[in-house]
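Trainee: I should like to learn how to read a structure step by step. May we work through one together?

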Amino acid sequence: MGILPMSGTVRHGQDARATFMFLARVTGNVVASQKDRSLNGQKLFVVEPLSVKYDEATKKPASLANTGRAIVALDVVGAGEGQLVLVTQGSSARMTEQTKNLPADAVIVGIVDSAEYAGKTFYRAQG
Amino acid sequence: MANAEAIGLIETRGIVAAVEACDAALKAANVTFVEQHKVGSGLVAITLRGDVAAVRAAVDAGAEAAGRVGEVISVHVIPRPHNDVAKMS
(Lines give C-alpha, C1' and ligand atoms only; values in the text may rest on other atoms or scores of the structure.)
Protein backbone atom coordinates (compact mmCIF):
# COMPACT_ATOMS: atom_id res chain seq x y z
CA MET A 1 0.00 0.00 0.00
CA GLY A 2 1.31 3.41 -0.98
CA ILE A 3 1.25 6.31 1.36
CA LEU A 4 -1.08 8.55 -0.59
CA PRO A 5 -2.26 7.35 -4.00
CA MET A 6 -3.22 10.04 -6.49
CA SER A 7 -6.74 8.71 -6.81
CA GLY A 8 -9.02 6.18 -5.21
CA THR A 9 -9.05 5.72 -1.48
CA VAL A 10 -6.51 5.40 1.26
CA ARG A 11 -7.45 2.68 3.67
CA HIS A 12 -6.05 3.59 7.02
CA GLY A 13 -5.11 0.68 9.21
CA GLN A 14 -5.86 -1.74 6.39
CA ASP A 15 -2.53 -3.56 6.51
CA ALA A 16 -2.37 -5.67 9.63
CA ARG A 17 1.43 -5.43 9.84
CA ALA A 18 1.61 -1.69 9.49
CA THR A 19 0.07 0.27 12.32
CA PHE A 20 -1.01 3.84 11.85
CA MET A 21 -2.84 6.37 13.87
CA PHE A 22 -6.11 6.64 12.01
CA LEU A 23 -9.46 8.37 11.91
CA ALA A 24 -12.50 6.31 12.76
CA ARG A 25 -16.15 6.69 13.59
CA VAL A 26 -17.45 5.23 16.84
CA THR A 27 -20.25 2.95 15.70
CA GLY A 28 -21.10 0.96 18.81
CA ASN A 29 -19.95 -0.49 22.07
CA VAL A 30 -18.92 -3.90 23.27
CA VAL A 31 -20.13 -5.48 26.47
CA ALA A 32 -18.20 -8.52 27.67
CA SER A 33 -19.04 -9.82 31.12
CA GLN A 34 -16.31 -12.43 31.12
CA LYS A 35 -13.05 -10.74 30.40
CA ASP A 36 -9.59 -10.36 31.82
CA ARG A 37 -9.72 -8.59 35.15
CA SER A 38 -7.46 -5.83 33.90
CA LEU A 39 -10.16 -4.78 31.44
CA ASN A 40 -12.79 -4.21 34.12
CA GLY A 41 -14.08 -0.66 34.04
CA GLN A 42 -12.66 0.00 30.59
CA LYS A 43 -14.89 1.22 27.81
CA LEU A 44 -14.79 -0.89 24.67
CA PHE A 45 -16.04 0.65 21.46
CA VAL A 46 -16.54 -0.66 17.97
CA VAL A 47 -14.96 1.83 15.60
CA GLU A 48 -15.10 1.95 11.84
CA PRO A 49 -11.87 3.20 10.26
CA LEU A 50 -12.55 5.84 7.63
CA SER A 51 -10.86 6.35 4.33
CA VAL A 52 -10.22 9.59 2.50
CA LYS A 53 -12.29 9.79 -0.66
CA TYR A 54 -10.67 11.60 -3.56
CA ASP A 55 -12.39 13.86 -5.99
CA GLU A 56 -11.75 12.26 -9.38
CA ALA A 57 -11.75 15.59 -11.22
CA THR A 58 -9.31 17.48 -9.01
CA LYS A 59 -7.46 14.46 -7.57
CA LYS A 60 -7.80 16.05 -4.18
CA PRO A 61 -9.25 14.63 -1.00
CA ALA A 62 -12.94 15.39 -0.94
CA SER A 63 -14.54 13.66 2.01
CA LEU A 64 -14.34 10.83 4.46
CA ALA A 65 -15.79 7.55 3.31
CA ASN A 66 -16.90 4.49 5.19
CA THR A 67 -14.84 1.34 4.91
CA GLY A 68 -17.34 -1.08 6.37
CA ARG A 69 -14.66 -2.48 8.65
CA ALA A 70 -15.00 -2.73 12.38
CA ILE A 71 -12.34 -2.93 15.04
CA VAL A 72 -12.65 -2.86 18.79
CA ALA A 73 -10.82 -0.07 20.54
CA LEU A 74 -10.43 0.87 24.18
CA ASP A 75 -11.43 4.39 25.10
CA VAL A 76 -9.34 6.65 27.33
CA VAL A 77 -10.76 10.06 26.44
CA GLY A 78 -14.49 9.71 27.03
CA ALA A 79 -15.61 9.35 23.43
CA GLY A 80 -19.17 8.47 22.55
CA GLU A 81 -21.12 6.86 19.79
CA GLY A 82 -21.18 8.74 16.48
CA GLN A 83 -18.05 10.79 17.12
CA LEU A 84 -15.03 10.96 14.85
CA VAL A 85 -12.05 9.80 16.85
CA LEU A 86 -8.32 9.30 16.62
CA VAL A 87 -7.22 5.73 17.14
CA THR A 88 -3.72 4.51 17.78
CA GLN A 89 -2.60 0.91 17.44
CA GLY A 90 0.15 -1.45 18.39
CA SER A 91 2.74 -0.72 21.04
CA SER A 92 1.73 2.93 21.11
CA ALA A 93 -1.73 1.88 22.20
CA ARG A 94 -0.25 0.85 25.52
CA MET A 95 1.53 4.13 26.17
CA THR A 96 -1.40 6.04 27.59
CA GLU A 97 -1.69 6.51 31.32
CA GLN A 98 -4.72 4.26 31.42
CA THR A 99 -3.56 1.42 29.17
CA LYS A 100 -0.03 0.87 30.47
CA ASN A 101 -0.54 -2.71 31.52
CA LEU A 102 -3.60 -3.61 29.52
CA PRO A 103 -4.05 -6.07 26.67
CA ALA A 104 -4.95 -3.25 24.28
CA ASP A 105 -4.26 -3.29 20.56
CA ALA A 106 -6.24 -0.24 19.59
CA VAL A 107 -6.98 2.77 21.76
CA ILE A 108 -9.09 5.86 21.16
CA VAL A 109 -6.70 8.66 22.09
CA GLY A 110 -8.52 11.69 20.74
CA ILE A 111 -11.87 13.15 19.74
CA VAL A 112 -11.59 15.01 16.46
CA ASP A 113 -12.85 18.59 16.24
CA SER A 114 -11.86 19.14 12.65
CA ALA A 115 -9.69 17.55 10.02
CA GLU A 116 -8.16 19.30 7.04
CA TYR A 117 -6.08 18.10 4.16
CA ALA A 118 -4.55 20.19 1.36
CA GLY A 119 -6.45 23.25 2.48
CA LYS A 120 -9.80 21.53 2.49
CA THR A 121 -11.64 20.85 5.72
CA PHE A 122 -13.28 17.52 5.21
CA TYR A 123 -14.59 17.12 8.71
CA ARG A 124 -15.89 19.46 11.37
CA ALA A 125 -17.56 18.29 14.54
CA GLN A 126 -21.09 19.50 15.07
CA GLY A 127 -21.81 21.90 17.90
CA MET B 1 -42.67 -10.29 40.56
CA ALA B 2 -39.24 -9.21 39.47
CA ASN B 3 -38.40 -6.60 36.89
CA ALA B 4 -36.79 -7.88 33.68
CA GLU B 5 -34.22 -5.12 33.59
CA ALA B 6 -31.27 -4.75 35.92
CA ILE B 7 -30.54 -1.56 37.80
CA GLY B 8 -27.11 -0.19 38.56
CA LEU B 9 -26.19 2.30 41.26
CA ILE B 10 -23.14 4.49 41.62
CA GLU B 11 -22.70 6.71 44.64
CA THR B 12 -20.04 9.39 44.66
CA ARG B 13 -18.97 12.29 46.78
CA GLY B 14 -19.85 15.45 44.89
CA ILE B 15 -21.68 16.26 41.68
CA VAL B 16 -18.60 16.30 39.43
CA ALA B 17 -17.81 12.64 40.04
CA ALA B 18 -21.47 11.74 39.66
CA VAL B 19 -21.76 13.47 36.30
CA GLU B 20 -18.51 11.90 35.13
CA ALA B 21 -19.76 8.48 36.22
CA CYS B 22 -23.04 9.02 34.44
CA ASP B 23 -21.37 10.12 31.21
CA ALA B 24 -18.92 7.21 31.15
CA ALA B 25 -21.60 4.69 32.06
CA LEU B 26 -24.06 5.82 29.41
CA LYS B 27 -21.35 5.80 26.76
CA ALA B 28 -19.94 2.43 27.75
CA ALA B 29 -23.03 0.33 27.18
CA ASN B 30 -26.66 0.40 26.17
CA VAL B 31 -28.16 1.60 29.44
CA THR B 32 -30.51 4.43 30.33
CA PHE B 33 -30.26 7.00 33.09
CA VAL B 34 -33.12 6.69 35.57
CA GLU B 35 -32.55 9.20 38.34
CA GLN B 36 -30.14 10.87 40.66
CA HIS B 37 -30.46 11.08 44.41
CA LYS B 38 -28.84 13.80 46.44
CA VAL B 39 -28.31 11.80 49.57
CA GLY B 40 -26.97 14.67 51.64
CA SER B 41 -23.54 15.58 52.98
CA GLY B 42 -22.35 15.88 49.38
CA LEU B 43 -23.22 12.35 48.42
CA VAL B 44 -24.87 11.82 45.07
CA ALA B 45 -26.20 8.50 43.80
CA ILE B 46 -27.19 7.80 40.21
CA THR B 47 -29.36 4.96 38.98
CA LEU B 48 -29.10 3.27 35.59
CA ARG B 49 -31.22 0.66 33.92
CA GLY B 50 -30.65 -1.93 31.19
CA ASP B 51 -29.54 -5.51 30.51
CA VAL B 52 -27.64 -7.15 33.34
CA ALA B 53 -24.43 -7.36 31.33
CA ALA B 54 -24.80 -3.84 30.00
CA VAL B 55 -25.48 -2.43 33.45
CA ARG B 56 -22.46 -4.27 34.90
CA ALA B 57 -20.19 -2.90 32.17
CA ALA B 58 -21.67 0.58 32.50
CA VAL B 59 -21.34 0.67 36.28
CA ASP B 60 -17.74 -0.58 36.10
CA ALA B 61 -16.83 2.05 33.52
CA GLY B 62 -18.69 4.76 35.41
CA ALA B 63 -17.04 3.95 38.72
CA GLU B 64 -13.61 3.82 37.10
CA ALA B 65 -14.12 7.21 35.44
CA ALA B 66 -15.58 8.80 38.56
CA GLY B 67 -12.69 7.49 40.64
CA ARG B 68 -10.33 9.46 38.42
CA VAL B 69 -11.97 12.81 39.14
CA GLY B 70 -13.37 12.27 42.58
CA GLU B 71 -14.41 9.72 45.12
CA VAL B 72 -16.65 6.72 44.56
CA ILE B 73 -18.47 5.72 47.72
CA SER B 74 -20.16 2.56 46.55
CA VAL B 75 -21.30 0.71 43.48
CA HIS B 76 -24.00 -1.90 43.11
CA VAL B 77 -25.88 -3.86 40.47
CA ILE B 78 -29.23 -5.53 41.11
CA PRO B 79 -29.77 -8.02 38.28
CA ARG B 80 -33.51 -8.51 38.74
CA PRO B 81 -34.93 -5.91 41.10
CA HIS B 82 -38.40 -6.33 42.58
CA ASN B 83 -40.96 -4.07 40.94
CA ASP B 84 -41.56 -2.26 44.19
CA VAL B 85 -37.93 -1.09 44.30
CA ALA B 86 -38.94 1.49 41.67
CA LYS B 87 -41.31 3.00 44.22
CA MET B 88 -38.33 4.24 46.22
CA SER B 89 -37.72 7.13 43.84
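The questions below take up the two chains in turn, then their cores and their contact.

Trainee: What kind of model is this, and what average pLDDT does chain A have?
Mentor: This is a predicted model, and pLDDT is the predictor's confidence in each residue, from 0 to 100. In chain A, 85% of the residues score at least 70. The average pLDDT of chain A is 84.

Trainee: Over which residues of chain A does pLDDT stay under 50?
Mentor: The average for a chain does not describe each stretch of it. One stretch of chain A has 16 contacts in the model beyond four places in sequence, yet its pLDDT stays under 50. That stretch is residues 1–10.

Trainee: How many strands does chain A have?
Mentor: Chain A has 0 helices. Its pattern along the sequence is β-β-β-β-β-β-β-β-β. The count of strands in chain A is 9.

Trainee: Which residue of β6(A) stands opposite Arg25(A)?
Mentor: Strand β2 (residues 22–29) of chain A is joined to two partners. With strand β3 (residues 43–55) of chain A, β2(A) runs antiparallel over 5 bridges, and there Arg25(A) faces Glu48(A). With strand β6 (residues 84–89) of chain A, β2(A) pairs in the antiparallel sense over 4 bridges. On that side, the residue opposite Arg25(A) is Leu84(A).

Trainee: Which residue of β7(A) stands opposite Gln89(A)?
Mentor: We continue from β6(A) to strand β7 (residues 106–111) of chain A. These strands run antiparallel and are joined by 5 bridges. In this pairing, Gln89(A) stands opposite Ala106(A).

Trainee: In β4(A), what is the bridge partner of Leu50(A)?
Mentor: β3(A) also pairs with strand β5 (residues 71–75) of chain A, antiparallel over 5 bridges, where Leu44(A) is opposite Leu74(A). Strand β4 (residues 60–66) of chain A is antiparallel to β3(A) as well, with 6 bridges between them. In β4(A), the partner of Leu50(A) is Asn66(A).

Trainee: Which residue in the hairpin of β3(A) and β4(A) takes a positive phi near 60 degrees?
Mentor: The hairpin has 4 residues between its strands. The residue with the positive phi near 60 degrees is Lys59(A).

Trainee: In what order do the elements of chain B run from the N terminus on?
Mentor: Chain B, unlike the chain just discussed, must be read with both kinds of element in mind. Its secondary structure comes to 2 helices and 4 strands. From the N terminus on, they run β-α-β-β-α-β.

Trainee: Why is chain B said to be as compact as a globular protein of its length?
Mentor: The globule rule gives 12 Å for 89 residues. Chain B is as compact as a globular protein of that length because its radius of gyration is close to that value, at 12 Å.

Trainee: What share of the contacts in chain B with a separation of 6 or more is between residues 24 or more positions apart?
Mentor: In chain B, 40% of the 89 residues count as buried. As for its contacts with a separation of 6 or more, those between residues 24 or more positions apart account for 70%.

Trainee: Which element gives the most to the largest nonpolar core?
Mentor: In soluble globular proteins, nonpolar side chains tend to be buried together. The largest nonpolar core here has 26 residues, and Ala25(B), Leu48(B) and Ala58(B) are among those with the most contacts inside it. The elements giving two or more residues to this core are β1 (6–13), α1 (15–28), β3 (43–50) and α2 (52–69) of chain B. The element that gives the most, with 9 residues, is α2(B).

Trainee: Is Gly40(B) buried or exposed?
Mentor: Gly40(B) lies in strand β2 (residues 31–40) of chain B. A residue counts as exposed if 12 or fewer other C-beta atoms lie within 10 Å of its own. Gly40(B) has 7 such atoms within 10 Å, so Gly40(B) is exposed.

Trainee: How many residues of chain B are in contact with chain A?
Mentor: Chain A brings 9 residues to the contact. By class, these are 1 nonpolar, 7 polar and 1 charged. The number of residues on the side of chain B is 13.

Note on methods. Residues are numbered from 1 along each chain as its sequence is written. Chains are lettered from A and ligands numbered from 1 in the order in which they are written. This is a predicted model: local features need pLDDT of at least 70, side-chain atom pairs count only at pLDDT 80 or more; totals for chains, interfaces and linings use all residues. The radius of gyration is taken over C-alpha atoms; the globule rule is 2.2 Å times the number of residues to the power 0.38. A residue is buried if 20 or more other C-beta atoms lie within 10 Å of its own, exposed if 12 or fewer, and partly exposed in between; C-beta atoms are placed from the backbone. Two residues are in contact if their C-beta atoms, placed from the backbone, lie within 7 Å. Ala, Val, Leu, Ile, Met, Phe, Trp, Tyr, Cys and Pro count as nonpolar, Asp, Glu, Lys and Arg as charged, and the others, Gly among them, as polar. Two strands pair if DSSP finds at least two bridges between them. A nonpolar core is a set of buried Ala, Val, Leu, Ile, Met, Phe, Trp, Tyr and Cys residues joined through C-beta atoms within 7 Å.
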